Amino acid sequence: MSDNLKDKIAWMKSAKGITILGSIFLALFATINSGPYVLVNTIITGGMLALVSTGLTLMLGVLNIAMFAHGEFFMIGSLSAYYVFTPISNYTAMHPDSFLVTWGPMVAIFTSMVVGAIAGIIAEFLVFRPLRKRAAENWVMNSFLLTVGLSVLLVNLHQLIFGADFKGIVRYWGGMPFSFADVFISRDRVISFCLSAFIVFLFWAFMTYTRTGRAIRAVSQDATGAQIVGINIETIVLMTISLSCALAGVAGGSLLFMYPSYPTMGLEPLYMAWFVVILSGLGNILGAVAGAFMVALLKVVTVEYVGAGWDFVVPSILIMLILIFKPSGIFGSEVRGVLDT
Amino acid sequence: MLLEIKELDAGYGYLQILRKVSLNVDKGEYVCIVGPNGAGKSTTMKTIAGLISPMAGSITFNGEEITGLPAYQITQKGIAFVSEEMNLFVNMSVQENLLMGAYIIRDKNVQKERLEFVFDLFPRLAERKTQLAGTMSGGERKMLAIGRGMMSDPTLMLVDEPSFGLAPQLTASVFESLEVLRKTGVTIMLVEQNVTTTLSITDRGYVLENGKVGLEGKSSDLLNDAYVKKVFLGV
């Protein structure tokens with residue numbers, strides 16, 4: 001019993017414990033002080049962030065790619081959802097009894113996921129595989145530069161082909177907003193939160209319990225070891241990239257009602273996802289989910305008490321502090337893998 | 001002949017390390033490659049395991065040409081490689097590591113049987129099955145690496161420097177576990193720097209020097225060879 005207690009105290013004193021407890025206190029304080037909408041906003045924003053950042057974590061943890069084109073896959077997702085949903089909503093405007101009123105948005109969101117995955121596969125074949133074939137030296141730097149190039153390319157392709165205007169929709173699902181604890185939240189927000197929670201859960205289950213998920217984790221921990229036990233790395237890399245881009249795409253698709261699609265829309269989710277990944281440590285899915293909610297809380301609380309323009313500044317300061325004092329991230333693993341050296 | 005290597009050239013990038021290495025291993029044999037640092041022992045092993053693709057020469061396993069195949073296909077053919085660095089999955093538990101070793105076996109029941117088999121062989125691993133591999137001691141990690149290699153039910157096991165970085169008594173226990181493995185009918189190819197011990201436990205040996213096979217023969221003969229005595233044992 002006393003050992004148990006000691007363990008708990010040690011946990012509270014660790015960076016992990018302090019941050020989690022601190023976040024809970026901050027959330028409670030803000031909720032009591034300003035009202036429950038702070039908590040509701042945090043949960044909804046956090047759910048969205050979790051989708052983007054798990055994809056980024058996966059790229060970084062498994063492939064050692066510092067992905068800076070992740071926001072562009074978010075953009076691709078939102079763009080494809082827009083082009084699928086617009087005809088659907090035109091159709092449902094004429095036929096209000098159609099089953100597409102309920103399922104149309106789902107079709108659009110699902111399309112954004114599939115298009116994201118395909119875009120990821122294309123990126124792997126055109127960009128990352130040729131680089132891997134060419135040289136393994138300086139992989140982190142070279143792949144990083146390539147992703148920045150990819151990002152610029154995709155932004156300009158969007159502008160060239162689809163134009164620089166905002167391509168947005170008014171809403172996915174109509175109807176009365178839900179109300180939780182005296183806060184009204186639009187139906188779209190609630191559903192997109194449920195959807196992202198469901199996808200993150202599926203993703204976690206996939207990584208934990210399936211053969212392929214285990215293989216992905218094995219590659220992230222020791223690529224040579226994975227080859228030795230009979231894992232085909234090329235297949236795993238392809239799967240990981242498409243999975244990661246599908247997560248970014250579905251995030252873009254399900255948030256289309258909030259963020260209309262335009263060429264540089266990917267920057268904000270990219271920065272936010274990087275905040276989460278740096279905060280939570282690399283290659284840690286559950287850590288990324290927890291980190292997503294912390295960054296969301298920080299954003300919401302900053303908007304509430306400091307001002308709406310500051311919601312990028314305060315998390316940035318926190319990231320700087322973390323990089324100085326705990327570069328492995330709050331949930332960073334105590335066990336060092338091969339990739340960490 | 002289980003494994004036959006003919007005039008193998010291999011290396012890293014432009015750096016050639018192996019020059020026309022030829023060696024063979026019969027079924028059930030316990031063969032070792034000894035030699036000084038940088039002679040190309042580990043390179044030979046990595047080339048057989050498919051981690052390095054050879055520049056020239058051929059490798060035949062069970063009568064089948066496996067030269068230049070990627071590592072995962074070579075594992076599927078029945079060659080397990082226990083590398084010097086062990087390449088364990090440090091953030092996975094002992095049991096998860098072992099199950100990853102059986103990645104190429106899809107049948108869950110067979111996987112369980114293999115797991116039981118390895119746990120019988122190394123009861124120490126069974127005691128620690130929930131521990132993370134990254135938190136284990138050097139000797140236990142070696143044991144785990146060998147156990148993971150066994151999980152795929154290999155015909156040939158390549159073991160690279162099992163004594164590297166271990167205390168003498170641990171080295172002895174690692175060699176003992178290889179002896180146990182051998183009794184189960186696995187063919188073992190061992191690379192070691194520890195010449196005396198290695199030659200006293202193996203059947204046959206190759207001496208590798210500067211990327212070439214210098215001597216070959218029965219281990220007991222090599223142990224008494226005047227050249228080996230002079231160069232490696234300093235007597």
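Okay, where is A:Trp310 found? It sits in the loop between helix H12 (285–305) and H13 of chain A. Before I go on, a reminder that this is a predicted model, so everything I say today is computed from that.

Let's stay with that tryptophan for a moment. A:Trp310 comes out partly exposed, with a relative accessible area of 46%. And it has company: A:Trp310 belongs to a nonpolar surface patch of about 1000 Å². The other members are A:Leu26, A:Phe29, A:Tyr305, A:Val306, A:Val313, A:Ile317, A:Leu321, A:Ile324 and A:Phe325. So which helix gives the most to the patch? That's H13(A), with five residues. Helix H2 (15–34) and helix H13 (313–325) of chain A each put in at least two.

Now, what does the database record say about chain A? The unreviewed UniProt entry lists, under "transmembrane region", residues 44–66, 73–94, 106–127, 139–162, 190–207, 236–259, 271–298 and 305–325. I'd like to go through two of those in the model. Residues 139–162 of chain A are 100% helix and 0% strand, and the end C-alpha atoms lie 33 Å apart. Then residues 236–259 of chain A: here the chain is 79% helix and 0% strand, with 32 Å between the end C-alpha atoms.

Right, on to charges. How many salt bridges does a search of the whole structure find? The count is 14 over all chains. The bit I keep going back to is a network in chain A, where A:Glu124, A:Arg129, A:Arg132 and A:Glu234 are linked by salt bridges.

Take A:Glu234 with A:Arg129: that's a salt bridge with the closest N and O atoms 3.0 Å apart. A:Glu234 lies in helix H10 (residues 233–254) and A:Arg129 in helix H5 (residues 100–134), so this pair ties together parts of chain A that are 105 residues apart in sequence. Is A:Arg129 buried or exposed? Buried, at 17% relative accessible area. A:Glu234, on the other hand, counts as partly exposed at 29%.

A:Glu234 also meets A:Arg132 in a salt bridge, 3.3 Å from N to O. Again we have helix H5 for the arginine and helix H10 for the glutamate, so that pair joins parts of chain A that are 102 residues apart in sequence. A:Arg132 counts as partly exposed, with 23% relative accessibility.

Over in chain B, there's a salt bridge between the side chains of B:Arg128 and B:Glu140, 3.0 Å from N to O. B:Arg128 is in the loop between helix H5 (123–127) and helix H6 (138–151) of chain B, while B:Glu140 is in helix H6, so the pair ties together parts that are twelve residues apart in sequence. B:Glu140 is buried, at 6% relative accessibility, whereas B:Arg128 is partly exposed at 28%.

Last thing, backbone angles, also in chain B. Phi of B:Lys20 is near 50 degrees, which is a positive value in a residue other than glycine. B:Lys20 lies in strand S2 (residues 15–25) of chain B, and it's exposed, at 52% relative accessibility. B:Asn87 isn't a glycine either, and has a positive phi of about 50 degrees. You'll find B:Asn87 in the loop between strand S6 (79–82) and helix H3 (94–101) of chain B. Buried or exposed, then, for B:Asn87? Buried, at 7% relative accessibility.

Conventions. Residues numbered from 1 in each chain as written. Chains lettered and ligands numbered in written order. Predicted model: local features only at pLDDT ≥ 70, side-chain atom pairs only at ≥ 80, totals over all residues. Heavy atoms only, no water. Salt bridge = Lys/Arg side-chain N within 4 Å of Asp/Glu carboxyl O. Helix = DSSP H or I, 4+ residues; strand = E, 2+ residues; numbered from the N terminus. Buried < 20%, exposed > 50% of the residue type's maximum accessible area, 1.4 Å probe, protein only. Patch = residues over 30% accessible without salt bridge, like charges linked within 9 Å, V, L, I, M, F, W, Y side chains within 5 Å. Areas by Shrake-Rupley, 256 points an atom, 1.4 Å probe, with all protein chains shown as cover. UniProt positions renumbered as here; feature names shortened; annotations may be inferred.
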